[in-house]
Amino acid sequence: GNYSRTLLANLHAYRPEHNYFLYTPSITLKEEKNKLEAVNNVSIRTAGSKNRTIWRSFEIKNDIQKDELDVYHGLSHELPRNNENMRCKKIVTIHDLIFKPHPEFFPFIDRGVYHIKCKHSLHTADRVIAISEHTKRDIIEYYNIEPEKIDVIYQSCLPQYYEDDPSKIAALPKSFPSEYNLSVGSLEPRKNIVSVIKAYTQIKKEHRIPLFLIGNGKRHKKYLQQHINKYNLQEDIHILSNIPTHLLPAIYRNATMLIYPSFYEGFGLPVVEALLSFTPVITSNISSLPEAGGPDTCYINPSSIESIAQSIEKIQTDSELASRMSQNGRTYALNNFNPQQLTAKVMRLYEEIQEEVLM
């Protein structure tokens, strides 16, 4: 969702001369729909009264053909089935292939569905966008796709994260204390949040500031709360769900650090959001996270509770280190995840394959 929203907003902001057609089974966010419908070069196509699953996989082709597109871009792993006769060129974005190296995080049926969708999309697309070098390597390893077919184009963040003036972003909710640590992301086993909870038991009490776990996830949320209760950390660790997106920039910016020891990420968007917010980051030394974090992020072994605890204490007690991570992290993120530059890369790819249509 974040990828689709930011890419669309950036394309409209930086390349408004083109016409964009959006294909979605439905739109649940009325505010987003109103914004889109107010734009004269954006057209929305939905399933209407049709079966949404069938429309998304099969019948969408009919709408694409009627609209006479030059390029169709599947934004999340998927292209229409039986698309060989579609006149337009086809691009697909692959965010991650987590179900391949870590099948333990997915039910058997889900793994099968993801595999079928990814295999079909990768082999029928004219070009593939991978959102990290690590994802590109996975695509090559697991699906034997030619490297020259894959373009690595990173994801950008919402405009608020690039804002220099903190007064132009939403105010920090009053319920937040003056000092706190942060973990942001879906509440699921892969994010390894339980290790952060365990690490908090090893931090000296005088160095233990509140930790807010921000994310959604019913079953795992209960599991995490059980661990918080087990270690008597109810006063130190708090789970917050359904936080409005517009409040996150302020929550990031006022945090002492982001703690993100995930076992696997295709990109690691919260890491980039934190860096853009002048917030030091602790994250894992595996998958795509070193790409997202850059040279001044603190990297840990996600399986080492001790390493996580030591890193938290070090950043909290070394103000010079924290300041250096804050400033250098922001610079790295601005240089590598600039929305205008990333949008230009996407548009160059569109134009390259569009030229093939016209030739």
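Here is a short walk through a few parts of this structure, which is a predicted model.

Let us start at helix H5, which spans residues 133-143. Several of its residues are buried: His-134, Thr-135, Lys-136, Asp-138, Ile-139 and Tyr-143. What lies over them? The cover includes three strands, S4 (89-94), S5 (127-130) and S6 (150-152), together with helices H4 (108-124) and H10 (289-293). Just after H5 comes Asn-144, and its phi angle is positive, near 55°.

Now step back to the other end of the helix. Between S5 and H5 there is a loop, and Ser-132 is found in it. Is Ser-132 buried or exposed? Ser-132 has a relative accessible area of 0%, so it counts as buried. Its surroundings come from other parts of the chain: leaving aside neighbours within four places in sequence, Ser-132 is in contact with Val-152, Tyr-154, Gly-266, Ser-288 and Glu-291. With Gly-266 there is a polar link to look for, as a polar atom of the Ser-132 side chain lies 2.7 Å from the backbone oxygen of Gly-266.

Next, turn to strand S10, made of residues 257-260. Met-257 and Ile-259 point one way from the strand, while Leu-258 and Tyr-260 point the other way. Are these residues buried or exposed? All of them are buried.

S10 also has strand partners. It pairs with strand S7 (residues 181-184) in the parallel sense, over 2 bridges. It is joined to strand S11 (residues 281-284) by 3 bridges, and these two strands run parallel as well. Leu-258 is a handy residue to follow here: Leu-182 stands opposite it, and in S11 its bridge partner is Val-281. To get from S10 to S11, the chain passes through helix H9 (residues 269-276), making a right-handed β-α-β crossover.

Finally, consider the cysteines. A disulfide is a covalent bond between the sulfur atoms of two cysteines. How many disulfides does a search of the whole structure find? The search finds 0. Cys-118 shows why such a bond is missing in its case: the closest cysteine sulfur, in Cys-88, is 20 Å from the sulfur of Cys-118, which is too far for a bond. Cys-118 itself is buried, because its relative accessibility is 2%. Cys-157 is buried too, because its relative accessibility is 3%, and buried means under 20%.

How values were computed:
Residues numbered from 1 in each chain as written. Predicted model: local features only at pLDDT ≥ 70, side-chain atom pairs only at ≥ 80, totals over all residues. Heavy atoms only, no water. Buried < 20%, exposed > 50% of the residue type's maximum accessible area, 1.4 Å probe, protein only. Helix = DSSP H or I, 4+ residues; strand = E, 2+ residues; numbered from the N terminus. Contact = heavy atoms within 4.5 Å. Polar contact = N/O pair within 3.5 Å; in protein donor to acceptor, adjacent residues only side chain to side chain. Pairing = 2+ DSSP bridges. Right-handed = clockwise from strand over helix to strand, strands pointing away. Disulfide = S-S within 2.5 Å.
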